[in-house]
Amino acid sequence: MSDILVEVCCGSAEDAILAARAGAPRVELCGDLFHGGLTPSLGSLLTVRRKADVGVMAMIRPREGGFCYTDIEFEVCLADAKLMLENGADGLVFGFLHPDGTVDAERTKRLTALARDAGKDAVFHRAIDVTPDWRAALDTLADAGVTRVLTSGQEPDVFYGAETVRQMREYAAGRLQIMPGAGITARNLARVIEETGADQIHVAGHTTRADRSTENNRAIYYGGCLYPPEDRFSILDGGYIRGIVESLGQGR
């Protein structure tokens, strides 16, 4: 399995740097993984570019809660996309849908053109997993010039969507790349690769780190009604990612 490329989902610059140190050749750089990944800060991208030799796919997603954006939100997407490309991103990750869940071809073409005109990758993310007809979606994305699609095979976990991912790869027939992600672990990755026929995978692996600076007053919360603990945060588990990378013969 030495020809399998590993992409690591990262929620911060530090995540991406840890992934690079673990030997990952490519990362997806996001903010706010709790909501599935939003556009990262420009400072995050600049820091990764200064401190790590790794391919960086920059998420372009202005908010949580769906993929059908207002005109203002799409303007933000365009502005963020240009900034990411101008400051070293190796590609853009995005997904635009209509209210009925079908792919918004026009907006997809505009982001794809920005990336491809800069010689970079255009990646359509797991918005495809809520489209009503993935074959029609792939046709639209291929016609738009999208480089790659990230998918769980329209299941919550790619382990259960592996057969659909394989069908997607066969249907795409080289017009664009199909990359499985969501739920791939060190234990199941060999089986997922075998069952999907994938030549690249999208993985995540985080652990919890303590930050005790808030413990003087445990009644205070800075987030919403879920009230997450204020004395800990999530960070990439470099050892876990290194294990995956090395198991695929990609350690550096």
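Let's start with Glu 195: at 29% relative accessibility, this residue counts as partly exposed, because that label covers everything between the buried cut-off of under 20% and the exposed cut-off of over 50%. Keep in mind that what you're looking at is a predicted model. The partner of Glu 195 is Arg 191, and their side chains meet in a salt bridge, with N and O 2.8 Å apart. Arg 191 is partly exposed too, with a relative accessible area of 47%. Find helix α7, residues 189-196, and you'll see both of them there, four residues apart, which is about one turn of the helix.

How many salt bridges does a search of the whole structure find? The count is twelve. Let's visit a few others. Asp 104 forms one with Arg 107, where the closest N and O atoms are 4.0 Å apart. Here both partners are buried: Asp 104 has a relative accessible area of 10%, and Arg 107 has 14%. This pair has company, as Asp 71, Asp 104 and Arg 107 are linked in a network of salt bridges.

Now for the pair formed by Glu 7 and Arg 26, whose side chains meet in a salt bridge at 2.7 Å, N to O. What does this pair tie together? Glu 7 sits in strand β1 (residues 5-10) and Arg 26 in strand β2 (residues 26-29), so the salt bridge joins parts that are 19 residues apart in sequence. Are the two residues buried or exposed? Glu 7 counts as buried, at 2% relative accessibility, and Arg 26 is buried as well, at 9%.

Stay with Arg 26 for a moment. Besides the salt bridge to Glu 7, the side chain of Arg 26 makes a polar contact with the side chain of Gln 200, at 2.7 Å. If you set aside neighbours within four places in sequence, the residues in contact with Arg 26 include Leu 5, Val 6, Val 8, Val 54, Met 57, Arg 148 and Met 179.

Time to zoom out to the strands. Eight of them form an open sheet, and the pairing is parallel. Walk across the sheet and you meet them in the order β7-β6-β5-β4-β3-β2-β1-β8. Which strands are at the edges? They are β7 (177-180) and β8 (200-203), and each pairs on one side only. Ignoring direction, neighbouring strands of this sheet are turned by 25° against each other on average. Look at where β1 and β8 run side by side: they pair in the parallel sense over four bridges. Glu 7, the salt-bridge partner of Arg 26, stands opposite His 202 in β8.

One last stop: the cysteines. How many disulfides are there? The count comes to zero. Take Cys 10, which is in no disulfide: the nearest cysteine sulfur belongs to Cys 9 and is 6.7 Å away. Cys 10 counts as buried, at 0% relative accessibility. Cys 30 is in no disulfide either, and the nearest cysteine sulfur, again that of Cys 9, is 4.7 Å away. Why doesn't a sulfur at 4.7 Å make a disulfide? The two sulfur atoms would have to be within 2.5 Å, so this pair doesn't qualify. Like Cys 10, Cys 30 counts as buried, with 2% relative accessibility.

Key: Residues are numbered from 1 along each chain as its sequence is written. This is a predicted model: local features need pLDDT of at least 70, side-chain atom pairs count only at pLDDT 80 or more; totals for chains, interfaces and linings use all residues. Side-chain values use heavy atoms; hydrogens and water are left out. Helices (H or I, at least four residues) and strands (E, at least two) are DSSP runs, numbered from the N terminus. Buried means under 20% relative accessible area, exposed over 50%, partly exposed in between (1.4 Å probe, protein chains only). A polar contact is a pair of N or O atoms within 3.5 Å; within protein, one must be able to donate a hydrogen and the other to accept it, and residues adjacent in sequence count only if both atoms are side-chain atoms. Contact means heavy atoms within 4.5 Å. Two strands pair if DSSP finds at least two bridges between them. Axes are lines fitted to C-alpha atoms, for helices over the stretch in contact, and angles run from 0 to 180 degrees between N-to-C directions.
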